[in-house]
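Colleague: I should like to go through this structure and ask how its descriptions are justified. May we look at it together?

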Amino acid sequence: MSQPVDLALALQPRPPSPLEEVHDDRFAHRGLRLLLKRDDLIHTDMDWDTAVLGPVDLYPPGNKWRKLSPNLRAAAGRTVLTFGGAYSNHLRATAAAGRLLGFPTVGVVRGDELADRPLNPSLARCAADGMTLRFVDRATYRAKADPEVLAGLLSAFGECCVIPEGGSNALAAQGCTELGRELRGQADVVAVACGTGGTLAGLAAGLAPGQRALGIPVLRGGFLGDAVRELQQEAFGGPAGSWSLDERFHFGGYARTPPQLHAFADDFEQRHGLPVERLYVAKLLYALTALAEEGAFPTGTTVAAVITGRP
């Protein structure tokens, strides 16, 4: 970097991300409004960002900034060690933040078989941003919260600030309450695609009474409800806001994107001129369209979809 970065300035709250209405006949003819909360554009209104930190397309993607910024304040420049799979947006976001703000990052990656293969584009971006990648076998990865396993990792990298997989912890949930506050009075239902639950936990807490949050898990397994309840307990001392999950739209699991989903995303792009990210956003928009067609939303409902990132 050509100059030191003012951490307090860099981690200040972003301006509210844009909220756009799209006219989609699949919603309109059922008396529904569809809004897009464009968290994929969360950095684009701050001239200071681009002037000091460089091109916006190299920033932490989408809503990850909301989850990371309170954790990075707590890290205060120390090495950040975190976890993710081979296509983890969270690893990419953490690596980008490290490059932008000048602190070391370590990514513990699930799958030791990947160590001898060429890096995929996501991990290559992490490496280009200066992240040290540590590949571990899947059994070790599953036990990553075990004190002995974690101690072994930390012994290799020294003192670190540890952020969990997906960036979801109490600080992240607290950071995402602002997303809910920005949407107060704007929609009846606010929907978001979910990986580890931190965004949903904070979103629900930030919404006003009478609004509800809807989570669309992109992983299968049925674990997310417990994860969100635990996060809210840690972040807010108990349940916060109204939320629910619909677990029918993961398409087989994380990173599973069958032709049916790509066809839907291509059609949505053509209808509305919005580049649709496939792992999270396409599943969210597919789910909302299916729910509208099922009659899940009463006539007159305004639905907001949180666009968490770009392709």
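Colleague: Which residue in E9 stands opposite Leu214?

Modeller: Leu214 stands opposite Ser244 in E9. This is a predicted model, in which local features need pLDDT of at least 70, side-chain atom pairs count only at pLDDT 80 or more, and totals for chains, interfaces and linings use all residues. Residues are numbered from 1 along each chain as its sequence is written, and side-chain values use heavy atoms, leaving out hydrogens and water.

Colleague: What makes E8 and E9 paired strands?

Modeller: Two strands pair if DSSP finds at least two bridges between them, and strands are DSSP runs (E, at least two residues), numbered from the N terminus. Strand E8 (residues 212-217) and E9 have three bridges, in the parallel sense, so they satisfy the definition.

Colleague: Why is one side of E1 and of E9 left without a neighbour in the sheet?

Modeller: The open sheet has six strands in the order E1-E2-E10-E7-E8-E9, with mixed pairing. Strand E1 (19-22) and strand E9 (243-245) stand at its edges with a single partner strand each, so one side of each has no neighbour in the sheet.

Colleague: Why is Gly195 called buried?

Modeller: Buried means under 20% relative accessible area, exposed over 50%, and partly exposed in between (1.4 Å probe, protein chains only). Gly195 has 15% relative accessibility, and therefore counts as buried. Gly195 lies in the loop between strand E7 (189-194) and helix H10 (198-206).

Colleague: Which residues does Gly195 touch, not counting those up to four places away in sequence?

Modeller: Contact means heavy atoms within 4.5 Å. Gly195 touches Val218, Leu219, Phe223, Leu224 and Tyr280.

Notes:
Helix = DSSP H or I, 4+ residues; strand = E, 2+ residues; numbered from the N terminus.
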